[in-house]
Each structure stands twice: as structure tokens, then as C-alpha cells.
Amino acid sequence: MALELTVLGSSGSHTGPGRACAGHLLANDGTRVMLDAGNGATANLQRHMDFADLDAVVVSHRHVDHCIDLVGMFYLLKFHPDGPQQVDLYTAPGVVDLLTGLLSGDSKMQFREVFRVHDIAPGDRFEVGGMDVELFPSIHPVPTLSARIEVGDTVFAYSADSAGGDDLVACARDADLFLCEATWQGDPAGLPDGIHLTATEAGRIAGQAGADRLVLTHLLGTLDRDRSLEEAAATFPGSDVSLADDNLTWTVA
Ligand SMILES: [Zn+2]
Ligand SMILES: [Zn+2]
């Protein structure tokens, strides 16, 4: 089976009408990795598979719209019908402290029993099944990791939340599919620096990276989505730009 991406949540910062926050399922030859677990993303995941059957979850940063669903999944694993389950959790700084702060009693300790926690940092590389994962530093107000995932010659890149920069271009270099945040649209003047990208900027970065295909995600739920698509297409020299939407699947290669 070729590497496949299924979007589990495409809304940025807050849920949109019928849309969950950041979550993505990568599947290849029986290996399945969830990238981010924002509000509602695990509800969509369970349309496709049992959360306990994931090989790993990778969380890019500690903002709620990328990690909060792991609290509910802790209980699913702990009280799973087949008995307590474990899942590997590769996570950026601060995520486990944030989530265990929402738990009480024994659950605080048990979180690290049902999730086998691996701390991750920029420059780290690790393998899950046949997927080679490489992490890049993102420009964002809290420590955040963009991810490049290679399976053989197939390259998938995910910006996470990012204000762009050279590291994001390197992360997405020659990607077959670049899933890039486009939280905002229109003129970036007046928007705060160092947090997110506009659709225009996402298109430009995908072009600098030489990505084959660009999929825009993390759009604020209140935006005109067609306008974001037009703005990214205007700066992306490739022709293949699309919008992420919940439960849509792309073959990456
Ligand atoms: Zn976000
Ligand atoms: Zn964020």
C-alpha cells in the first residue's frame, strides 16, 4: 500500500462547522501514525480505526487545538474492552504536563503508563514501522515541530503551526505532498508576527520548497475557504493546490 494521508481535523485554532481541529492519519503497509490530536480529531479517527491500534501518535506542540483529545483517549486506552492498551506518544515539550494537569488522582500517573512517552525536539529522527520521521523547528509562540515523513522515495511534509522561515522550506523540500497551515488570508500587514501563515505565504513557501502538491489546512473556521484556495494558487507555481477537509484521504506518492 502507498503512503496515505487522511485528514481528521482541518480547522485552525477552534472547531469549525462540522470540522474538528488538527489531526491527521498517515497509513502505510499496516503502520498507522496519528499526527496531532486536536479537538474532535479522535472522533473522526474512530470512523477509520480503533485508536488503540495506532503505532504512534506524534504531537507537534502544546496548543489545545493540537493535543487536547489525548485526554479522552487516555480513558479509552485505560478502559479498553480488550483490557488496558498502550500507544507510543512522541511529543513536543509541555504537552504531557498540560494534559496531566487536567487529570486527577491516579490518572495523573497512569497517563504515562497508557502512553509510552517519548520527548522530541528539533533535529530528532525516528522510525515508526517503515516511516522515517524527521523534525524541524517551527516559528510559533511555543516550542513546535514541523515533520517530514519519508517512506522510500515518497515524502510527506507537515508544517504544524508555523510562521514559515527557512526551516519550513527545508522540511518541505521536494515533498510529494506538503500539508501546510494557512490560518489567515489576505494582507499579512496588521497580523501578528511569528505565529501563523496566510494562504498567500503558504503558497509561496510550497513553491520555494519545490513541493509537488500543496494541501492547505488549519484555516480559521470563519474564513471563506475558496478565497484561501485562490490566494495560495496565486503564489504556488504548481497547479495542484487543495483544501484539507475532515475525513478526506490523499495518496501521498
Ligand atoms: Zn493550531
Ligand atoms: Zn499553535
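Is Asp36 buried or exposed, judged by the other C-beta atoms within 10 Å? In this predicted model, Asp36 has 27 other C-beta atoms within 10 Å and is therefore buried, given that 20 or more such atoms are required for a residue to be described in this way. Asp36 lies in strand 4, which covers residues 31–37, and its phi is positive, at about 70°, although the residue is not a glycine. A positive phi, of about 75°, is also found at Asn247, likewise not a glycine. Asn247, however, belongs to the loop between strand 15 (241–243) and strand 16, and it counts as partly exposed because it has 15 C-beta neighbours inside 10 Å.

Strand 4 and strand 16 both take part in an open sheet of seven strands, arranged in the order 7-6-5-4-3-1-16 with mixed pairing. The edges of this sheet are formed by strand 7 (115–119) and strand 16 (249–251), each of which has a single partner strand, so that one side of each is left without a neighbour in the sheet. On average, and with direction ignored, neighbouring strands of the sheet are turned by 20° against each other. Within the sheet, strand 1 (residues 4–9) and strand 3 (residues 23–28) run antiparallel and are joined by five bridges, and here Thr6 stands opposite Leu25 of strand 3.

A contact between two helices was also examined. The axes of helix 3 (residues 69–78) and helix 5 (residues 107–114) come within 10 Å and cross at roughly 75°, which means that helix 3 is roughly perpendicular to helix 5, since angles of 65 to 115 degrees fall into that class. On the side of helix 3 the contact involves Phe74, Leu77 and Lys78, which meet Gln110, Phe111 and Val114 in helix 5. Sorted by character, the residues of this contact comprise four that are nonpolar, one that is polar and one that is charged.

In soluble globular proteins, nonpolar side chains tend to be buried together. In the present model, the largest nonpolar core contains 79 residues, and those with the most contacts inside it are Phe156, Phe178, Leu214 and Leu216. Helix 7 (residues 199–209) supplies the largest share of this core, namely five residues. When neighbours within four places in sequence are left aside, the contacts of Leu216 include Ala199 and Ala202, together with Cys180, Ala182, Ser228 and Leu229. Also among the contacts of Leu216 are Ala232, Val241, Leu243 and Ala244.

Terms used: Residues numbered from 1 in each chain as written. Chains lettered and ligands numbered in written order. Predicted model: local features only at pLDDT ≥ 70, side-chain atom pairs only at ≥ 80, totals over all residues. Pairing = 2+ DSSP bridges. Helix = DSSP H or I, 4+ residues; strand = E, 2+ residues; numbered from the N terminus. Axes fitted to C-alpha atoms, helices over the stretch in contact; angles between N-to-C directions. Buried ≥ 20, exposed ≤ 12 C-beta atoms within 10 Å, placed from the backbone. Parallel < 35°, antiparallel > 145°, perpendicular 65-115°, else oblique. Contact = placed C-beta atoms within 7 Å. Nonpolar A, V, L, I, M, F, W, Y, C, P; charged D, E, K, R; others polar. Core = buried A, V, L, I, M, F, W, Y, C linked by C-beta atoms within 7 Å.
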